[in-house]
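Hi everyone, thanks for letting me go today. I'd like to walk you through one structure, so have a look at it with me.

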Amino acid sequence: MNVDVLKSELLAEVSAATDLAGLDAARVAALGKKGKVTAAMKGLSGLAPEERKSAGQALNSVKDAVAAAIEARKAELEEAALEKQLQEDRLDMSLPVRPESRGKLHPISQTMDEVVAIFGAMGLSVREGPNIEDDFHNFGALNFAEEHPARQMMDTFYLQGEDGRADQNKVLRTHTSPVQVRTMQTEKPPIRIIAPGRTYRSDYDATHTPMFHQVEGLVIDTDITFGHLKGCLQEFCDAYFEVDHVPLRFRPSYFPFTEPSAEVDIGCSRKGGELKIGEGDDWMEILGCGMVHPNVLTNCGLDPEEYQGFAFGMGIERIAMLKYGIPDLRTFYDADIRWLKHYGFAPLEAASLERGLTP
Ligand code: PHE
């Protein structure tokens with residue numbers, strides 16, 4: 001075996017390596033346990049002592065030369081990899097700042113954040129449900145009788161069934177109340193939740209859009225009264241409208257899923273066309289509420305002899321319009337950047353009761 005041939009062959013393999021994995025393969029092939037240099041070393045034992053000495057020295061020098069070449073090639077490859085990455089990561093610092101204005105939080109998002117912050121501080125946590133609901137969760141479990149006019153009252157969007165005809169089972173949820181049902185079906189009392197989200201009704205004018213938002217509240221335990229409901233809503237209104245004591249008026253009303261039911265008005269004044277919350281002798285409706293109907297508890301698997309509770313549902317757009325003086329509901333969904341600039345909120349400053357609701 002010619003030691004010089006072996007050496008140049010191994011050095012060629014090292015310099016041919018184009019990446020670190022290839023280089024390591026060359027190292028193993030030369031110096032590894034089954035490598036060529038190692039094998040040649042083992043062959044030395046068959047030689048005469050004189051020959052063995054000189055051949056051993058020659059092989060050792062091959063070994064050193066290959067090891068040094070590997071180190072050098074490794075440094076080269078690492079340098080090249082770094083250079084390549086620097087090239088790819090290069091930023092052109094001479095580009096001007098983008099001229100567009102920064103984005104803002106939509107008043108709906110802001111209002112939802114405020115609502116979640118206030119009820120969150122009272123110990124209610126957020127639940128969500130699907131926007132496409134079935135008849136049972138949107139109506140049936142909520143004590144709407146089969147032919148009850150309230151189903152029509154809600155201007156329901158029915159979805160198309162597989163046969164192409166209207167599917168009487170799947171609907172776009174007309175309110176957030178189905179989340180009450182889903183929560184009672186899956187959680188054990190005490191239940192203290194709010195469910196903010198999108199809702200849909202086939203209606204369109206200055207005060208109605210086909211998609212809008214509600215927040216549902218549900219509190220269930222063994223000792224919940226209408227007094228708790230009033231206290232909870234009073235707390236909420238004072239915090240949300242940032243007024244010491246917003247006058248609230250509970251008007252008897254009807255919902256199939258609550259008994260008794262009420263609609264709640266807040267005291268306001270409309271002098272000179274300007275709306276002021278918390279003063280004056282006018283009233284403005286803001287939400288529906290009541291004690292959860294025993295049938296609803298039963299439909300959801302709770303024993304009405306043991307549990308009772310209250311629920312409420314509030315329009316997010318409506319309370320946003322009242323607090324921020326936004327006159328037309330339809331403008332919420334025009335996606336007009338000038339509108340958002342005017343009515344939007346600074347991002348990244350989450351609403352909290354300690355820090356203040358609005359940035
Ligand atoms: N779901 C009712 C609506 O959309 C509001 C409501 C919720 C009323 C909970 C009472 C209790 O009009």
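I'll go from the overall layout to the ligand, and then to a few backbone oddities.

First, keep in mind that this is a predicted model. The domain assignment splits the chain into domain 1, residues 3–88, and domain 2, residues 107–343. How far apart are the C-alpha centres of domain 1 and domain 2? They lie 76 Å apart.

Okay, on to the ligand. You'll find it sitting in the largest pocket. Which elements give two or more residues to the shell around it? Those are helix 8 (177–186), strand 6 (211–221), strand 10 (282–292) and strand 11 (308–315). Strand 11 gives the largest share, with three residues.

There are 14 residues around the ligand, and the ones that come nearest are H175, S177, R201, Q214 and G313. If you sort the shell by class, you get five nonpolar, seven polar and two charged residues.

Let's zoom in on some side chains. H175 has a side-chain N or O atom 3.0 Å from a nitrogen atom of the ligand. With S177, there's again a nitrogen atom of the ligand, and the distance to an N or O atom of the side chain is 3.0 Å. For R201, the ligand uses an oxygen atom, which is 2.9 Å from an N or O atom in the side chain. And how much of the ligand's accessible area does the protein cover? On its own the ligand has 330 Å² of accessible area, and the protein covers 92% of that.

Now the backbone. A quick reminder for anyone new to this: most peptide bonds are trans, and most residues other than glycine have a negative phi. With that in mind, here are three spots to look up.

Spot one is the peptide bond from P189 to P190, which is cis, with omega near 0°. P190 is in the loop between helix 8 and strand 5 (191–200).

Spot two is the bond from E259 to P260, also a cis peptide bond. Omega is near -5° there, and P260 belongs to strand 8, residues 258–269.

Spot three is N143. This residue isn't a glycine, yet its phi is positive, at about 75°. Where does N143 sit? Look in the loop between helix 6 (135–138) and helix 7 (149–153).

That's my tour, thanks for listening!

How values were computed: Residues numbered from 1 in each chain as written. Predicted model: local features only at pLDDT ≥ 70, side-chain atom pairs only at ≥ 80, totals over all residues. Heavy atoms only, no water. Near = heavy atom within 4 Å. Polar contact = N/O pair within 3.5 Å; in protein donor to acceptor, adjacent residues only side chain to side chain. Areas by Shrake-Rupley, 256 points an atom, 1.4 Å probe, with all protein chains shown as cover. 1 Å grid on protein atoms, 1.4 Å probe; cavity = no way out; pocket = protein on both sides within 12 Å on 5 of 7 lines; lining within 4 Å. Sits in = over half its atoms within 2 Å of the grid points. Helix = DSSP H or I, 4+ residues; strand = E, 2+ residues; numbered from the N terminus. Nonpolar A, V, L, I, M, F, W, Y, C, P; charged D, E, K, R; others polar. Domains from an automatic or database assignment.
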